[in-house]
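Please look over the sequence and the model below before reading on, and keep both at hand while the text moves from one pair of helices to the wider picture.

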Amino acid sequence: MSGEHILLAGLAVYIGVLVVWPLGRLLTEALRPGEAGQVLGVLFDALENRALSRALNNTIITALGATAISVFVGTVAALVLRLTDIPGRAPLMFLMLMPMLIPPQISALAWIELSGPSSPLLNLLAIAPPPGTTNPLYSMGGIIWVMGLEHAPLVLLSVAAGIATVPRDLTEAGRIVGARPRRILLKIVLPSLYPSILAGAALAFVSAIGNFGVPALLGIPGRVTVLTTLIYQRLNGFGPSVLGQVAAVALVLVGLAAIGLAIRTYASRFAGAPLDRTGSRLEPFSLGRWRLAAGSAFWLFTLVIAVLPLLALLASALVPALGVRLSPETASFANFSNVLRNDAIGRAFSNSFLLALLTASICAMLSIPIAYMACIRRNRIARLLDGLADLPYAVPGTVVALGMIVVFLPPIPVLGISIYGTFAILLAAYLSRFLLLALRPVGASLASIDPALDEAGRVVGARTWSRLAFIVFPMALPSALAGGLLIFMTAINELTLSALLWSTGTETLGVMVFFLQYEGNSPSAAALATLVVAFSLGLALVADLIGRRFAPGVVPWQVG
Amino acid sequence: MVSVSLSGVTKHFGGAPVLDDVSLDIREGEFVALLGPSGCGKTTLLRLIAGLERPSGGIIAIGGKAMAGQGTFIEPEDRNLGMVFQAYALWPHMSVKDNVGFGLSVRKVSRPDRARRIQAALDIVGLSGHADRRPHELSGGQRQRVALARCLALEPGLILLDEPLANLDANLRASMQEEFRRVHKKTGTTFVFVTHDQAEAMALADRIAVMDKGRIEQIATPRELYERPLTSMVAGFVGRGAVLPVHIVGHADSGRLRVDIGGRVLEMPGVNGTARGWLSVRPEHVEITQTAANEEQLPAIVEHVTYRGGLYEIGLALGADRKVKLEAHAHEPVSPDCLVGIKLKKGWVLPAPDLH
């Protein structure tokens, strides 16, 4: 067997075990006959369940509502930041994209701290809801609002990328025939952006369907159950015995996501079509005398949605005890020191750090041979594996976690041990879900190099392993590094997978923030969340430097 | 230096064949050009010899050893040949020295030996002073020299060149042609060279294989191709030649053929095969006179006149329906649309199995 065959076989086993087996088994679990043997009995039983139909209903309403907000905020932001000359566009872009750095459960927590009766900021202004009332965000509307803002960057990026492909000639042609800027915007630029907007909207919809952090923090206290929280509550309440039933719920979730992804695929075919790249970019329209007014309004809006909740989070973390008014005299770091002394949180820090580090390095390393075989050697099996790696990222995280439980709850064949409830099952789930984040940038960078570089290696006698090590690896390293960093930033805050897979001893940071808040210990939750946000922003800074230096186009806020 | 032998090689990528029953024998130390219009299959043929593609049928042997066909396939890693790619394919993260030495290090050549052979290869291409540069610090011509040195360091018996001059400007192209010729002479290595530029092929090659639509039309020395083309495709492709349909009416005493063209009978050398034939005519062999006065001259209509610096290129049409076109070179202009007489000073008759 040649080195290439061994490599392919190894990669196929890896993808098979971590992707095909869990998702395939979950599917067969959901499609099993019912207790009386009727075809698809489990699925039909689940669909008749009233709790499921209510959750399905809630999921669709919240996802559509959140998508509407994402589309509005994302599109307006893209148009303002890319097509006008308002002051401070670079920092505004970073602020608008900040939700991508902050995990959903922390955004939700920040908004809770901002809007509740005990909100330190609202109390400072004396406009907080009266004590004793429930937080207005513990509702369907709250979920829609927070998820909408959380996913707005997806639309923003999609539309900004669309704007980048509109050639300047198009607007200049409009001006030559005498159209004014407003008309050019509405009649020329906007229509050419519809596919990008639709693609971004579909992505926001899929993300909203699969979101767990926001509905978990806002919906569980507000008694608004969506599909992801339904699965979580069922599994938490009844244990693995309901696995078949929740597998059916997961299938419904996958169905919804598939609709969104189909729309996205359809829209992407028209969006960002490879237009003539040689033409120069659109020039921002001058706002003239409205520049300052419009600029201030947009700055204010951005600060309110991106910065204010984080300030609320920080303020809550500084409150010495629940209900005490925050002032320079009462502010204390007691919550931070409590958090840092807590054993479980200490474990969560090291678990999350280790998980993120292992996931990032393994995925970054493996993405190089997969992308090499798929994009340079154009091997059919490797291209199939490359496509399969999409699945665990395309389906909601809850589905991946369920698949892991289905296959890893029983003892592993041959070894005879079960990894359920251990660190290993978390790692397996992370590896499965996040591989794509490294595979795509690495694939893009390898697809852009001349295949002759590899062929030249073959002709001088270098075999597969030598070419991988000495030719491909050095060229793929920058994008693998950037992809790995992206994985690290995402994995360190992971909640959706962890919430279903953790157990005592394998807590993660995401789980700890969720549980501290769930237990009513919101000052500690806020303190931990503040630390996590600070850490994430620090990482973003590193990513920014690496991205600028080595791999332009990988770090999202550097687009354009 | 090794020989290359292809027999009955075909290659298709799913649909229509890209190469159709190609047979070719290249002698040891020969410099052969594969010439043809784009899409004729010449690059695929080169890649098949390199082992970068697998033939769909037929046998390929290098140095008498079977490389592909009849159930065997030797991977390019094991063929021990050199290849120069169109866009150089230098590894961007390696210095010139490392690019040249990579093949030696994967073959576990000892360090001092490696250094010596890298030095020798760089000396041959005249780049010994640039050993520590990176590819992006070099000019196009220098990069192509590094690519050549990378082959030479391995001392292969066969070097394949895939349009190696296509990315260079005209001046560099001439000096690189000189370079290839010199290296070929010095090393005695067999060279197989792909190009779509006939001037390049003529200047460099011992023999040229003209390809069209996946087949080899003719393989011959440059002079033979030019003077005695075998097919109308070769006659038309090489040297801006025109092919005029003629009837072969008999033999002249001199061993020439008597051909009838538009009612005038001319004596021309050529190959007798069919009743109809093609008369291959080069622009420099067409002489224009003011009127079609005597027997030897054909009437023609001037269609266009273009000044090419030093001479005029004159487009002519024969016959009442103006269907047959040819070109002539003249030192004095003629006016468009006027009727002139032309005299064919030289020509070559070839069979026309495709004419009825």
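Are α11(A) and α18(A) roughly parallel or roughly antiparallel to each other? This is a predicted model, in which local features need pLDDT of at least 70 and side-chain atom pairs count only at pLDDT 80 or more, while totals for chains, interfaces and linings use all residues. Residues are numbered from 1 along each chain as its sequence is written, chains are lettered from A and ligands numbered from 1 in the order in which they are written, and side-chain values use heavy atoms, with hydrogens and water left out.

Helix α11 (residues 227-238) and helix α18 (residues 397-408), both of chain A, pack at an angle of about 30° with their axes 10 Å apart; helices here are DSSP runs of H or I with at least four residues, strands are E runs of at least two, and both are numbered from the N terminus. Axes are lines fitted to C-alpha atoms, for helices over the stretch in contact, and angles run from 0 to 180 degrees between N-to-C directions. Because angles under 35 degrees count as roughly parallel, α11(A) and α18(A) are roughly parallel to each other. The contact (heavy atoms within 4.5 Å) is made by A:T228, A:I231 and A:L235 on α11(A) and by A:T398, A:L402 and A:I405 on α18(A).

A:T398 also appears among the contacts of A:T496, which, leaving aside neighbours within four places in sequence, include A:F212 and A:G397 as well. A:T496 is found in helix α22 (residues 496-501) of chain A, and at 16% relative accessibility A:T496 counts as buried, a term that means under 20% relative accessible area with a 1.4 Å probe and protein chains only.

On a wider scale, the largest nonpolar core has 179 residues, and A:L193, A:L313, A:F514 and A:L528 are those with the most contacts inside it; such a core is a set of buried Ala, Val, Leu, Ile, Met, Phe, Trp, Tyr and Cys residues joined through side-chain atoms within 4.5 Å. Helix α15 (residues 343-376) of chain A gives the largest share of this core, 15 residues. A second, separate core of 88 residues includes B:A121, B:V146, B:V210 and B:V234.

Chain B contains 8 helices and 21 strands, and of its 356 residues 49% are buried. Its C-alpha atoms fill a box of roughly 80 × 50 × 40 Å, taken along the principal axes.

Note on methods:
Buried < 20%, exposed > 50% of the residue type's maximum accessible area, 1.4 Å probe, protein only. Parallel < 35°, antiparallel > 145°, perpendicular 65-115°, else oblique.
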